[in-house]
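Work through these three exercises with the structure open. Each one has a task and a stepwise solution.

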Amino acid sequence: MIMKDSDLRAWAGKKIGLAEWESHLAEFITNWFSDTGFIEVNTSGSTGLPKVIRHSKSAMMQSATMTCDFFKLEPGMNALLCMSTRNIAGMMMVVRSFVRQLNLIPVPPDGRPLKSLPISASIDFCAMVPAQLYNSIVNEPDRNRLSCIRNLIIGGAPVSHRLSEMIKELNCNVWLTFGMTETMSHIALRKLNGSDASDYFEVLEGVEISSGEEGNLIVKVPFIGDELIVTNDLVEIVAPGKFRWLGRKDHVIISGGFKIFPEVVEQTIAPVVEKFIGEMTGGIINSATDSTLRFFIAPMPDDKLGEIPVLVIEGDFSDDQKQHAEKLLTELLSSIVKKHEIPRRFFFMPRFIETPTHKIIRSATVKRLLSAEH
């Protein structure tokens, strides 16, 4: 169904015979048009305890306007809503439709959001999480529907090497977002495909960035006021308004005096790890997710070095497969990363601990691994 502003308000007011995801959407629309001047949003909890943040509706509208201006969205254009409005990403899609008078097309926020979309549909703007995009690419009918989307933004979780390579082959424009619940939505974008693909994020107009003493990103957002948002994201500012993301400050590993950035190492080793595991399992990874292989580099205590880097891989593997992987991956990775970055141990878990929005909670996952050893 395609709904305009007035259609959405009338539909939300009925609240009869709705699916759960539709009830969440109706609830948000009702709250949006209430007399309350703010919306309460839950943080993901991927890097700390979940908390509730209040965003003013005025600030949310200004954020929506920045995005609409960047993508040159005009009244009457079509926006696909395929994310839950229990989370800020889904909420902001609805706000953008109100602010720019877009036609909103709500579909169930599941793993294959395009499965019910007509082939002839024309979508000017859409937001997905990586798993949704991956599933849309590997299912051929859905892949064909991707060509109907003009601009697609993805966020909420890292993009794997395999998915990055798939994105390069798509006709639609795909952008990786950078933002946090505190900024309401993305404050920077990185193009992933096409002739203008980039390794850097570029901030939206009006956003100012700098870095702290430890290299962490500091953001000033116009609609939040003069308050500076000091993040735990380590960045390299390559030019005014442009930066390369290095990883999270709380993920950094100090091993024998060397500083290791796990996310940077993960990007380097991803092609090798994904290829090796794929060949070892005959392409059947048995990952607990419905997307591609997931893994990460994490620290573990060590009496001599303080901490050592370990490689944690998600999936169901036999003992023989684990031993084979540990031996050969150590050899393969030793030729592409620095000596102190080579994983000293390997762990395999059927399923990572994650947030309701499928972000990996690294600290909790490692804690479970450690407790299993004792």
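**Exercise 1.** Which cysteine sulfur is closest to that of Cys68, and why is there no bond between the two? Work on the predicted model.

*Solution.*
- Find the partner. The closest cysteine sulfur to that of Cys68 belongs to Cys126.
- Check the distance. The gap is 14 Å, too far for a bond. A disulfide needs the sulfur atoms within 2.5 Å.
- Move on to Cys126. Its nearest cysteine sulfur is that of Cys82, 3.9 Å away, and Cys126 is in no disulfide.
- Take the total. The structure holds 0 disulfides.
- Add the surroundings. Cys68 is buried, at 0% relative accessible area. Cys126 is buried, also with a value of 0%.

**Exercise 2.** Place Ile237 in its strand and list what it touches beyond four places in sequence.

*Solution.*
- Locate the residue. Ile237 sits in strand S12, residues 228-239.
- Classify it. Relative accessibility is 33%, so Ile237 is partly exposed. The class lies between the cut-offs of 20% and 50%.
- List the contacts. Ile237 touches Ile209, Ser210, Ser211, Lys242 and Phe243.
- Compare sequence with space. Ser211 is 26 residues from Ile237 in sequence, yet their C-alpha atoms are 7.6 Å apart.

**Exercise 3.** Describe how helices H8 and H9 cross.

*Solution.*
- Set the geometry. The axes of H8 (residues 262-280) and H9 (residues 319-333) come within 11 Å and cross at roughly 150°. The crossing is right-handed.
- Name the contact residues. H8 offers Ile269, Val272, Val273, Phe276 and Met280. From H9 come residues including His324, Leu328 and Leu332.
- Sort by class. The contact has 10 nonpolar, 2 polar and no charged residues.

How values were computed
Residues numbered from 1 in each chain as written. Predicted model: local features only at pLDDT ≥ 70, side-chain atom pairs only at ≥ 80, totals over all residues. Heavy atoms only, no water. Axes fitted to C-alpha atoms, helices over the stretch in contact; angles between N-to-C directions. Helix = DSSP H or I, 4+ residues; strand = E, 2+ residues; numbered from the N terminus. Left-handed = near helix turned anticlockwise from the far one by under 90°. Contact = heavy atoms within 4.5 Å. Nonpolar A, V, L, I, M, F, W, Y, C, P; charged D, E, K, R; others polar. Buried < 20%, exposed > 50% of the residue type's maximum accessible area, 1.4 Å probe, protein only.
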